[in-house]
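Biologist: I should be grateful for a close look at a single part of this model. Please describe the part chosen and then its surroundings in one connected account.

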Amino acid sequence: MDPETPRATRPVVGDRAPPIGQLRSTHQRARKRSFPRLEMSDSTDADFDAALAPLRARLAVHPLYDQLRDERTLRLFMETHVFAVWDFQSLLKALQRLVTCVEVPWLPTSDPEARRLVNEIILDEESDHSPGGGHLSHFELYLRAMKECGAQVAPIHAFMGHLRAGRSVDEALDECGCSRAAGRFVRSTMAVAQSGRVHRVAAAFAYGREEVIPGMFRRLVDRLAGHSLQRWGTLRFYLDRHIGTDADRHGPQSRDLVRRLCGNNANLWSEAVETARASLEARVRLWVDVARSVADVAESKGF
């Protein structure tokens, strides 16, 4: 294992306080943790983008967006997509654990700029402004949007309930009644989040999420045009918020974090590209599965 990419010291989901011996070990690792400081070259950046371009293009023009033609199909989409909203938060919290110190007693990690980048994103994603006042995580905002438009929230609530009861993510997915597509996508995300490989987690977050979300969500906003703001206003707020923050701030910030973590280490960059590509492939597969479900419902209803 590379010294730049320490293993996660605690599980990402359903964690409990570690014993004192483990806590000491955690802080010993925190003292030793260091990240490459070298800047990557422009050619490496271009190679990274070129490797992901075909998958990005597939997501940008995926036929799923054109299938979301009415409120029924939008609700069906949300009932699966909400699990991707949840595991986005888990991926980000895994990144926070690896880049910052979240243990007590606190110790500073080696890269204050990396800490700043992650904590700025955490603030927006976990405690953003809510329409009408107050603050919510983007996951909670999405749940509000689902309730507002009449989408089914029972599976995601059951999933959260199982996690709070101490069940594993796999067990919660098996028992909550979510779609196979949602379960497969969450499992692929959690495999990265729980890997403890900080450059892989950062690559999945930056290139598998923050870089592609604005383009995907713009297509969804287009589908909402003409729909009732009373039922769909919160979803529109959620989508617009992501489009603005991800394109202007979170996308560039997360890319900068990957640069800081990988530096000029060719092996780390190779693994980062591999992880980013797998994350995009998982998203394409999710869209294919949801599109198939939407088509089946449309056919059964005679649309």
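Modeller: Pro105 is found in the loop between α4 and α5, the latter spanning residues 112-126. In this predicted model, the peptide bond that joins Val104 to Pro105 is cis, its omega being near 5 degrees.

The helix before that loop, α4, recurs in the account of the interior. The largest nonpolar core has 90 residues, and Phe83 and Phe159 are those with the most contacts inside it. The largest share of this core comes from α4, which supplies 15 residues. Leaving out residues up to four places away in sequence, Phe159 touches Phe83 and Trp86, together with Val169, Ala172, Leu173 and Cys176.

Phe159 leads to helix α7, residues 154-164, in which Ile156, Phe159, Met160, His162 and Leu163 are buried. These residues lie on the same side of α7, because the arc that they cover around the axis is only 160 degrees. In an α-helix, residues three or four places apart point the same way, as there are 3.6 residues a turn. The partners against which the buried residues of α7 pack are α4, α6 (138-149) and α8 (169-175). After α7 comes Gly166, with a positive phi near 95 degrees.

The interior also contains empty space: there are three cavities of 30 Å³ or more in the structure. The second largest cavity has a volume of about 90 Å³. It is lined by 14 residues, and Val85, Phe88, Ile213, Phe217 and Tyr238 are the closest to its centre. Two or more lining residues come from each of α4 (71-99), α11 (213-224) and α12 (229-262). Of the elements, α4 gives the most to this lining, namely five residues. By type, the lining of the second largest cavity comprises seven nonpolar, four polar and three charged residues.

Phe88, among the residues closest to the centre of that cavity, is also in contact with Arg209. Arg209 belongs to helix α10, residues 198-210. Arg209 counts as buried because its relative accessibility is 3%, the cut-off for this class being under 20%. With neighbours within four places in sequence left aside, the contacts of Arg209 are Ala84, Asp87, Phe88, Leu91, Phe185, Thr189, Ala204 and Arg283.

To return to the starting point, the loop that holds Pro105 lies between α4 and α5, and α4 gives the largest share of the largest nonpolar core as well as the most residues to the lining of the second largest cavity.

Notes. Residues numbered from 1 in each chain as written. Predicted model: local features only at pLDDT ≥ 70, side-chain atom pairs only at ≥ 80, totals over all residues. Heavy atoms only, no water. 1 Å grid on protein atoms, 1.4 Å probe; cavity = no way out; pocket = protein on both sides within 12 Å on 5 of 7 lines; lining within 4 Å. Points joined across faces, edges and corners; volume = space filled by probe spheres on them. Helix = DSSP H or I, 4+ residues; strand = E, 2+ residues; numbered from the N terminus. Nonpolar A, V, L, I, M, F, W, Y, C, P; charged D, E, K, R; others polar. Buried < 20%, exposed > 50% of the residue type's maximum accessible area, 1.4 Å probe, protein only. Contact = heavy atoms within 4.5 Å. Core = buried A, V, L, I, M, F, W, Y, C linked by side-chain atoms within 4.5 Å. Arc of directions from axis to C-beta.
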